[in-house]
Amino acid sequence: MTEPLVQVKNLSMHFGQASGFLKRPQRVVKAVDNVSLDVFEGETLGLVGESGCGKSTLGRSILQLYKPTAGTVQYRGTDLVQLEGKALRKMRNRFQMIYQDPYASLNPRMKIADIIGEPMYIHQLHPRSEIRAEVEKILEMVGLTREFADRYPHEFSGGQRQRIGIARALAAQPDFIVADEPISALDVSIQAQIINLMRNLQSQLKLTYLFIAHDLAVVRHISDRMAVMYLGKVMELTDSNSIYENPLHPYTQSLLSAIPIPDPEKEREREANRVLLEGEVPSPENPPKGCAFCTRCPRKQEVLKSKQIDCSTQAPQFTEAKPGHWTACHLYT
Amino acid sequence: MDEALLEVEDLHVHFPTPDGVVQAVNGISYSLGKQEILAIVGESGSGKSVGVLSLLRLIPTRDCEVQGSVHFEGRDLLQLSDAEMREMRGNRIAMVFQDPMTSLNPVLRIGDQIQESIIEHQGISEKVAKGRAIELLALVGIPEAEKRYRHYPHQFSGGMRQRIMIAAGLACEPSVLIADEPTTALDVTIQAQIIDLVKRLCREIGMSVIWITHDLGIVAGLADRVAVMYAGKIVEFAPVDQLFKTPQHPYSKGLLNSLPRLDTRSEKPLEAIEGLPPNLIHYPTSCPFLERCSYKTEQCQTPPEKQSISTTHEVWCHHAGKL
């Protein structure tokens, strides 16, 4: 964990930006707004946030599945945002994606062998005659058997399909994988199987993960570091233990206290100190002027009193409050 | 818990299909006390939703065969006529469904949807019902209730819609509220708000709740007692503290161990439950958990009977108390 494998700088993905001949002004959704983060080689960076916070969009725009509207994504020194067409396609096997819904992300008319073999064929990773053998090798690596190669997706359960989705990503021989909620469509007892598989594969193949999820417990278990997003911005970024033990940002604090822990005694204790957030996430079409969280922040008054800063007009900078612990809140500037 | 409000006895729900009979619910029995929150936990396909839908007879009888009895206020719900059942639904027993996006009627104002059941069941005038609906909206925490009363479902967010569903459920002050994964579609911060609301209402108006979920975390903070379901059967029934502290069934144990926890971090891999639940068409003659159980012995070829660990803790496993 020394060199950043992927360096994201000031990345923005605004949908509906005025374009074309007439440049009619449109309503712009700032799904991702000015996000910077590094993903180091061999680590798992967890990306958490509630629905609509832009975590999936960030993952997709890092992989250039959306062309970001601003910013850069350096992958081993190459800026992916500048790459286009063939040059980008040539690099694509190095960074792959695992999708959320294993029911929708596999083509129902393709056999498993073709689904997994396709990336190998497209990127010419193996001579054609060897593709079948490679597919079988990967199937076994993800805990399936080689007989499955000639079946169709509908013959598999959700957990097995997600294994196939993982196999397809691995087939391209990537070193960076963006996993977008890879387990949230699965049952609890199956989730653990997939998490364990992903961890084993990571140590076997020296993979780097960007693991997107809304379940903080899962992310804490699998990640080395975690980034918390809210309304298109990263609010806090640090190693997984400190984010739980010493969360700095008020949003992270209330998010953590909202997550139920499977332990009745602890829950009763926590209930007394629970910070119930009021209201809901503002629309990303019309985010607050200052800090994105200011409409729900329970510590806004504190900032006003101690720092004389009005959170609803002044946006905080994303700064390193402690070594390795970044946050965007006026309380720490 | 002295007197049971609702008593379900040996409930079976079977769906005949061209491929065979799907045994979705396979003989479950439980009781619900006054002001009690009972959680039913299980994975998809474990029969937890079908089990409660059939209490209210919400599954068309042409599609399924329901056996057993459901005693509520001295009557067997499964024997009532359709008209009598209609009297019950929404009036004495109300239901909140999982998906707040699809369970409200998009072309009716939310106020009308809330007061519909009051007018239907209590025969009061629309004017009085309107006042009641506005009160309910305020009760579930919707700001500017008087103005919002006239809005349509699309003008509300997911969390707000779930509150409206709860308000509609509470409209006739039912004694039982059945909530089928009411927070699964919501974000955690909103989920915390809804759980807080239901607990508060339960205390304030003395209602009992059956809460169906797959999330053991929610159960820990909410329920008084828990039923764990697997393959259409209850495999363990216990007060919440006992279930989490001393789970007796290998499946409950497995579920608890397979959860990553927010408050601890270990480098060890999670203890996954290998394999898949059984096919409900070819229902196993053995213990339904046999295939995935790491404690299995010869004995397990026969389905286990109920074993009582204590007066309140029941488990359906041959090895109960010995694990």
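Let me begin with chain A, where an open sheet of eight strands runs in the order S6-S7-S8-S3-S9-S10-S12-S11, with mixed pairing. I should say at once that this is a predicted model, and everything that follows is to be heard with that in mind. At the edges of this sheet in chain A stand strand S6, residues 95–98, and strand S11, residues 319–322, each of which has a single partner strand, so that one side of each is left without a neighbour in the sheet. From one strand to the next, the twist averages 20°.

If we stay at the S6 edge, the partner there is strand S7 of chain A, residues 176–180, and S6(A) and S7(A) run parallel, joined by four bridges. To give you one pair to look for on the screen, A:Gln96 has A:Ile177 in S7(A) as its bridge partner.

Two helices of chain A that pack on this sheet deserve a moment. Helix H1 of chain A, residues 55–62, touches strand S3 (44–48), S7, strand S8 (208–213) and strand S9 (225–230) of chain A, and its direction makes about 150° with that of S8(A). H5(A) also packs on the sheet, where it touches S6 and S7 of chain A, and the direction of H5(A) makes about 175° with that of S6(A).

H5(A) has a helical neighbour as well. The axes of helix H3 of chain A, residues 112–122, and helix H5 of chain A, residues 158–171, come within 7 Å and cross at roughly 25°, and the two helices are therefore roughly parallel to each other. The crossing in which H3(A) passes H5(A) is right-handed. Which residues make that contact? From H3(A) they are A:Ile112, A:Ile115, A:Ile116, A:Pro119 and A:Met120, and from H5(A) they are A:Ile164, A:Ala167, A:Arg168 and A:Ala171. Sorted by class, the contact of H3(A) with H5(A) has eight nonpolar residues, no polar ones and one charged residue.

Before leaving chain A, I would like to point to helix H9 of chain A, residues 250–258, which is mostly covered, with seven of its nine residues buried. Those buried residues of H9(A) are A:Pro250, A:Tyr251, A:Thr252, A:Ser254, A:Leu255, A:Leu256 and A:Ala258. What do they pack against? Within chain A, the buried residues of H9(A) pack against helix H7 (216–222), S9, strand S10 (233–239) and helix H8 (240–245), and they pack against H7 of chain B as well.

That brings us to the contact between the chains, which takes 37 residues from chain B and 35 residues from chain A. On the side of chain B that touches chain A, the elements giving two or more residues are helix H7 (188–205), helix H8 (216–222), helix H9 (240–245) and helix H10 (250–258) of chain B. H7(B) gives the most to that side, with seven residues. By class, the side of chain B that touches chain A has 18 nonpolar, eleven polar and eight charged residues.

Turning now to the sheet of chain B, we find an open sheet of four strands in the order S2-S1-S4-S5, with antiparallel pairing. Here strand S2 (20–33) and S5 of chain B stand at the edges with a single partner strand each, so one side of each has no neighbour in the sheet. Going across in order, S1(B) and S2(B) pair in the antiparallel sense over eleven bridges, and B:Val13 stands opposite B:Val25 in S2(B). Strand S1 of chain B, residues 4–17, is joined by seven bridges to strand S4 of chain B, residues 65–72, and these two run antiparallel; there, B:Glu7 stands opposite B:His71 in S4(B). Two bridges then join S4(B) to strand S5 of chain B, residues 75–76, again antiparallel, with B:Phe72 opposite B:Arg75 in S5(B). In the hairpin of S4(B) and S5(B), which has two residues between the strands, B:Glu73 takes a positive phi near 50°.

Across this sheet lies H1(B), over S1, S2 and S4 of chain B, running at about 110° to S1(B). Is helix H1 of chain B, residues 48–55, mostly covered or mostly exposed? Mostly covered, since eight of its eight residues are buried. After H1(B) comes B:Arg57, whose phi is positive, near 55°.My last stop is B:Leu137, which lies in helix H4 of chain B, residues 126–139. With 25 C-beta neighbours inside 10 Å, B:Leu137 counts as buried. Leaving aside residues up to four places away in sequence, B:Leu137 touches B:Ile142, B:Ala145, B:Arg148, B:Tyr149 and B:Ala167. B:Leu137 and B:Ile166 are 29 residues apart in sequence, and 9.3 Å apart in space, C-alpha to C-alpha.

Key. Residues are numbered from 1 along each chain as its sequence is written. Chains are lettered from A and ligands numbered from 1 in the order in which they are written. This is a predicted model: local features need pLDDT of at least 70, side-chain atom pairs count only at pLDDT 80 or more; totals for chains, interfaces and linings use all residues. A residue is buried if 20 or more other C-beta atoms lie within 10 Å of its own, exposed if 12 or fewer, and partly exposed in between; C-beta atoms are placed from the backbone. Axes are lines fitted to C-alpha atoms, for helices over the stretch in contact, and angles run from 0 to 180 degrees between N-to-C directions. Angles under 35 degrees count as roughly parallel, over 145 as roughly antiparallel, 65 to 115 as roughly perpendicular and the rest as oblique. A crossing is left-handed if the near helix is turned anticlockwise from the far one by less than a right angle, and right-handed if clockwise. Two residues are in contact if their C-beta atoms, placed from the backbone, lie within 7 Å. Ala, Val, Leu, Ile, Met, Phe, Trp, Tyr, Cys and Pro count as nonpolar, Asp, Glu, Lys and Arg as charged, and the others, Gly among them, as polar. Two strands pair if DSSP finds at least two bridges between them.
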